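Student: I have a model to go through before I set anything up. Can we take it question by question?

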Amino acid sequence: MRVSFHFPHSLSSNATRHRRRRSLILACAAIAVLPLAWRGTSCGHDFDFHLQSWLEVVKHWREGVLYPHWDASANYGAGEPRFVFYPPATWLLGALLGVLLPWTWTPLVFTLIAFIGCGLSFYAMARTWMTEDAATIAACIYVLNPYLLFVAYERTAYGELLSAFWLPLLVLYGLRKQPSLLPLSLIVAALWLTNAPSAVMGCYLLALIVLVTAIQDRSYALVLRAAGAVALGLGLAAFYIVPALYEQRWVEIARAIASGMRVEDSFLFGHTGEAFHDQVLRTASWIAVAMLATAIAAILLSLRNRQPNRLRPPLVACLFAICVLLFPFSDILWKRAPELKFLQFPWRWLLVLGIAMAALIGLALRGSFLEATTRKTILARSASMLALAVAMSSLAAYAFWQPCDDEDNIAAQRATFHDNGFEGTDEYTAIGADNGDIQQGLPSVRVLKSAEADEADSSVAENPQWAQSSPDVVPASTQIVRWKTEHKQLEIHTTAPAFAVFQLMDYPAWQVEVNGAPIADRPHRDDGLLTIPLQTGRSVISIRYAATRDVDLGRGLSALALCVTIMLFIQTKRRRSLQLS
């Protein structure tokens, strides 16, 4: 890809102007990540979660598993079904970068890819409804908007950051008049495979803007197209969505919206008494005020231009809806609308507000903001945007960037990953289990007199260090044949009936066999560890993570949707060939 900042004295060719605009967007994206280069990785709120996931996926790949389900490092080695519930795009991209690059570079490059993608996708959307130069300025503003920098630096919510790449394309293919069923369905699928909260917002956004435009056009063709695209997109992503929805009954998913994570705790300028939560909420609230004020000012400025624009009404409707959702009187909507409560924080809608704000600014520039034709005008506009990029990246560096302590830095987390493992994720804990009872430093398997023996009590101390209890141990010899994350084989010889307690969280997807016989009805422990009854003598044990019926159903639906997608692609290609002929 050729990047150029060469500015000719006269009107440049289309190719030169296109390179100039692309160069400005790339430069703003690069400046936006400069603090990560000179200050180092920002260890934000979700950084540990994502880095641990990337390390785990790379481990799976080395074991020959391309699409993992189980995170073995969570719960101090007992694991959790993290990759069943968290969409795959983020952890696949992060792991791939970790394989290709030093781990210290991976967060920076991930963030840079996301920013570049956001800028280019927004530009592709905006140029449909405004001049090329106005679209470029709006794309730069989208990349540099304070909420996106807040997500990248303070929250390090990489899934949400990456999803910001897809949302402008959702607007583009949702509203344009040309046939767009196929690309729109692919964008819907990509959103669901990137970040579930963003996908929920994306579906509501699509419904709103399409409905407003349909009323404006007095035609409901866009509504039918959007409905078909959502159905096809959900089908394409069904291999992830179906297990993630169905298997929620096997985990403590309600803990994702526990106290402090509920919508009612995070309306603008709310107060819970929890210092960290309130500080983050205060920051998000001021960002919301700044973005809403900017968007409203852009609307007022755009009224000077009396030329009708098809994009403005849905954007204004979107702005109004977000304003409503940010305040407590919208609580009934949050509780009644499907899946909306799992967004956790109303201010997550600022991700969508960033699109509306930047697009409204671009529309305000439309008409009065003519294409630059002289070197002086080009340099002035470019210098202004680069100065804004420097100012916003400086804001990110000093207001949002989070230092890494001795336990959070990348080297320390890699060491912990290979040693003792990490604390588990509450909402991915198996139903009926207390992950606070899981002890640290457990052996791979213990042979005990009873299924409940050698347990900790989280009411005394959470995740205490394991200390062997001799009275509970049954003399046995253990030979491990295979010990991979999703497939384990071993032999145990005992002199009396006993129970094998594994350093492994029990979960319905674990297919367990002892001497070739399946063991479906297994004893339950308070710490949720997999426990198998053993008879006297030799026991050959096999534990394999197997596809359950919901996984097979999801894969089948995705295969069917893929066939429909291919048929639509072939049909579209033939129609274009006939039109050309």
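Student: In which sense do strand β2 and β3 pair, and over how many bridges?
Tutor: Keep in mind that this is a predicted model. Strand β2 covers residues 476-484, and β3 covers residues 487-494. Q479 has E491 in β3 as its bridge partner. The pairing of β2 and β3 is antiparallel, over eight bridges.

Student: How many residues lie between β2 and β3 in their hairpin?
Tutor: β2 and β3 pair in the antiparallel sense. They form a hairpin, and the number of residues between them is two.

Student: Which residue in β8 stands opposite I492?
Tutor: Strand β8 (residues 537-545) pairs with β3. That pairing is antiparallel and has eight bridges. In β8, the residue opposite I492 is S539.

Student: What is the bridge partner of E513 in β8?
Tutor: Strand β5 (residues 510-514) also runs antiparallel to β8. Five bridges join β5 and β8. The partner of E513 is S542.

Student: Which strands stand at the edges of the sheet?
Tutor: The open sheet has five strands in the order β2-β3-β8-β5-β6, with antiparallel pairing. An edge strand here has a single partner strand, so one of its sides is left without a neighbour in the sheet. The edge strands are β2 and β6 (517-518).

Student: How many of the eight residues of β3 are buried?
Tutor: Buried means under 20% relative accessible area. Strand β3 is largely enclosed by the rest of the structure, because the residues that count as buried number six of the eight.

Student: Now the cysteines. Which two does the disulfide join?
Tutor: A disulfide is a covalent bond between the sulfur atoms of two cysteines. A search of the whole structure finds one. Its S to S distance is 1.8 Å. The joined residues are C43 and C404.

Student: How many residues apart are C43 and C404?
Tutor: The disulfide joins C43 to C404. C43 is in the loop between α2 (34-38) and α3 (47-62). C404 is in the loop between α19 (375-400) and α20 (410-418). The pair links distant parts of the chain, and the separation is 361 residues.

Student: What is the angle about the S-S bond of C43 and C404?
Tutor: C43 is buried, because its relative accessibility is 9%. C404 counts as partly exposed, because its relative accessible area is 32%. The link is right-handed, and the angle about the S-S bond is 85°.

Student: Why does C203 form no bond with C318?
Tutor: A disulfide needs the two sulfur atoms within 2.5 Å. C318 holds the cysteine sulfur closest to that of C203, yet it is too far for a bond, at 14 Å.

Student: How far is the sulfur of C318 from the closest cysteine sulfur?
Tutor: C318 is buried, with a relative accessible area of 4%. Its closest cysteine sulfur is in C323. That is too far for a bond, at 9.6 Å.

Student: How far apart are the end C-alpha atoms of helix α13?
Tutor: Helix α13 (residues 221-236) has 16 residues. Its buried residues include L222, R225, A229 and L236. At 1.5 Å a residue, the helix should span 22 Å. The end-to-end value agrees with this, at 22 Å.

Student: What area does the nonpolar patch with I566 have?
Tutor: I566 is found in helix α21 (residues 549-580). At 45% relative accessibility, I566 counts as partly exposed. The patch is made by L562, I566, F569 and I570, and its area is about 370 Å².

Student: What is the phi of Y76?
Tutor: Most residues other than glycine have a negative phi. Y76 is found in the loop between α3 and α4 (82-85). It is buried, with a relative accessible area of 13%. Y76 is not a glycine, yet its phi is positive, at about 55°.

Student: Is F269 buried or partly exposed?
Tutor: F269 lies in the loop between α14 (238-246) and α15 (275-302). It also has a positive phi, about 60°, although it is not a glycine. At 41% relative accessibility, F269 counts as partly exposed.

Key
Residues are numbered from 1 along each chain as its sequence is written. This is a predicted model: local features need pLDDT of at least 70, side-chain atom pairs count only at pLDDT 80 or more; totals for chains, interfaces and linings use all residues. Side-chain values use heavy atoms; hydrogens and water are left out. Patches are made of residues with over 30% relative accessible area and no salt bridge: like charges are joined within 9 Å, nonpolar side chains (Val, Leu, Ile, Met, Phe, Trp, Tyr) within 5 Å. Accessible areas come from the Shrake-Rupley method with a 1.4 Å probe; for residues, only the protein chains shown count as cover. A salt bridge is a side-chain nitrogen of Lys or Arg within 4 Å of a carboxyl oxygen of Asp or Glu. Helices (H or I, at least four residues) and strands (E, at least two) are DSSP runs, numbered from the N terminus. Buried means under 20% relative accessible area, exposed over 50%, partly exposed in between (1.4 Å probe, protein chains only). The expected span of a helix is 1.5 Å times one less than its number of residues. Two strands pair if DSSP finds at least two bridges between them.
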